[in-house]
Amino acid sequence: MLRALTSVRRLPRPWRSLQTRSCASDGAAADPEIQVRALAGPDQGITEILMNRPSARNALGNVLVRELLEALAQLREDQQVRVLLFRSGVKGVFCAGADLKEREQMSEAEVGIFVQRLRGLMNEIAAFPAPTIAAMDGFALGGGLELALACDLRVAAASSAVMGLIETTRGLLPGAGGTQRLPRCLGVGLAKELIFTGRRLSGAQAQDLGLVNHAVPQNEEGNAAYHRARALAQEILPQAPIAVRLSKVAIDRGMENIPTQDRLEGMAAFREKRLPRFVGK
């Protein structure tokens, strides 16, 4: 499998499918649901993962999750990957969230295992050593928005990208990753408002709130966000790769440690009967 993916990176022009195994719960073997491509020429260093499951609007099912995990496990070892870009091959959709039809056919035990794998996928994306960018040219709902939140940077089509973390009409709760990453991105109060109300945002609204880095007018081909995301990736390429990777680690660890440090400082200040000295204050 590693050899097959390596050949994709050395011959980057055509899209190539990641070879994956089938398992009993997935039913009959089907076409791969992701494709991996490393770009060439001035874009060398940019690798793209194309989600292509049109029959289910890129819903996160067993096969798609497994293929994403396998691709990430291989790509994270490749020092030639300077930027990893997630995009959709289905027009008007980035990712429609969890595959509910597939989930209905699972036993309770299988659901538990799948949820853990889905959570592991989001963590693997967040922990990917190189910068990651989500190009959202369409709907990103539930787990689809969680996937984008796990990326370092997000670009959306201003009008055609619609985002929502919770599907209240179907009684679906956001995953643990979403409830943790959205407050880090927007702040606790606004995150709670969006989750409690189940509100959906356009790409332009998401940019106004700081949920996405860039929102661009959609084009006729339906891939304007992808082109802006690719341009953003090109801006990263000239930077020293080790410095970029270390900067990502430092920022991510800093965001994880700040709440802990503030909590400890608050407790110490209470014990010592003094005003707390919080991080960054």
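The largest cavity of the predicted model encloses about 60 Å³ of space. Its lining is formed by L145, M163, G164, L165, L182, L194, I195, R199, L201 and L211. Strand 9 (162-164) and helix 7 (188-197) each contribute at least two residues to this lining. By class, eight of the residues lining the largest cavity are nonpolar, one is polar and one is charged.

The search of the whole structure returned two cavities of 30 Å³ or more. The second largest cavity holds about 40 Å³ of space and is lined by R82, P131, I236, Q239, A240, P241, V244 and R245. Helix 10 provides the largest share of this lining, namely three residues. The lining of the second largest cavity comprises five nonpolar residues, one polar residue and two charged residues.

In addition to the cavities, pockets were examined. The largest pocket contains about 910 Å³ of space. A total of 33 residues line the largest pocket, and those that lie nearest its centre are A126, C151, D152, I251 and D252. At least two lining residues are supplied by each of helix 4, helix 5, strand 8 (153-157), helix 6 (176-186) and helix 10 (241-272). Helix 10 accounts for the largest share of the lining of the largest pocket, with nine residues; the largest share of the lining of the second largest cavity also comes from helix 10. With respect to class, the lining of the largest pocket consists of 18 nonpolar, six polar and nine charged residues.

Two of the helices that contribute to the largest pocket, helix 4 and helix 5, were examined for their mutual packing. Two packed helices are described by the angle between their axes and by the distance between the axes. For helix 4 (residues 108-126) and helix 5 (residues 143-150), the packing angle is about 25° and the axes are 8 Å apart. Angles under 35 degrees count as roughly parallel, and helix 4 and helix 5 are therefore roughly parallel to each other. On the side of helix 4, the contact is made by M122, I125 and A126, which meet G143, E146, L147 and A150 of helix 5. The contact of helix 4 with helix 5 is composed of five nonpolar residues, one polar residue and one charged residue. Of the residues in this contact, A126 of helix 4 is also among those nearest the centre of the largest pocket.

Confidence in the prediction was considered for the protein as a whole and for individual stretches. The average pLDDT of the protein is 84, and 77% of the residues score at least 70. The pLDDT is below 50 over residues 1-13, a stretch that has 24 contacts in the model beyond near neighbours in sequence. Residues 19-28 likewise stay under a pLDDT of 50, and the model has 16 contacts for them beyond four places in sequence. Where pLDDT is low, the predicted coordinates should not be read in detail.

Methods:
Residues are numbered from 1 along each chain as its sequence is written. This is a predicted model: local features need pLDDT of at least 70, side-chain atom pairs count only at pLDDT 80 or more; totals for chains, interfaces and linings use all residues. Side-chain values use heavy atoms; hydrogens and water are left out. Axes are lines fitted to C-alpha atoms, for helices over the stretch in contact, and angles run from 0 to 180 degrees between N-to-C directions. Helices (H or I, at least four residues) and strands (E, at least two) are DSSP runs, numbered from the N terminus. Angles under 35 degrees count as roughly parallel, over 145 as roughly antiparallel, 65 to 115 as roughly perpendicular and the rest as oblique. Contact means heavy atoms within 4.5 Å. Ala, Val, Leu, Ile, Met, Phe, Trp, Tyr, Cys and Pro count as nonpolar, Asp, Glu, Lys and Arg as charged, and the others, Gly among them, as polar. pLDDT is the predictor's confidence in each residue, from 0 to 100. On a 1 Å grid over the protein atoms alone, a cavity is a set of points where a 1.4 Å probe fits but cannot get out, and a pocket is an open set with protein on both sides within 12 Å along at least five of seven lines; lining residues have an atom within 4 Å of a point. Grid points are joined across faces, edges and corners, and a volume is the space filled by probe spheres set on the points.
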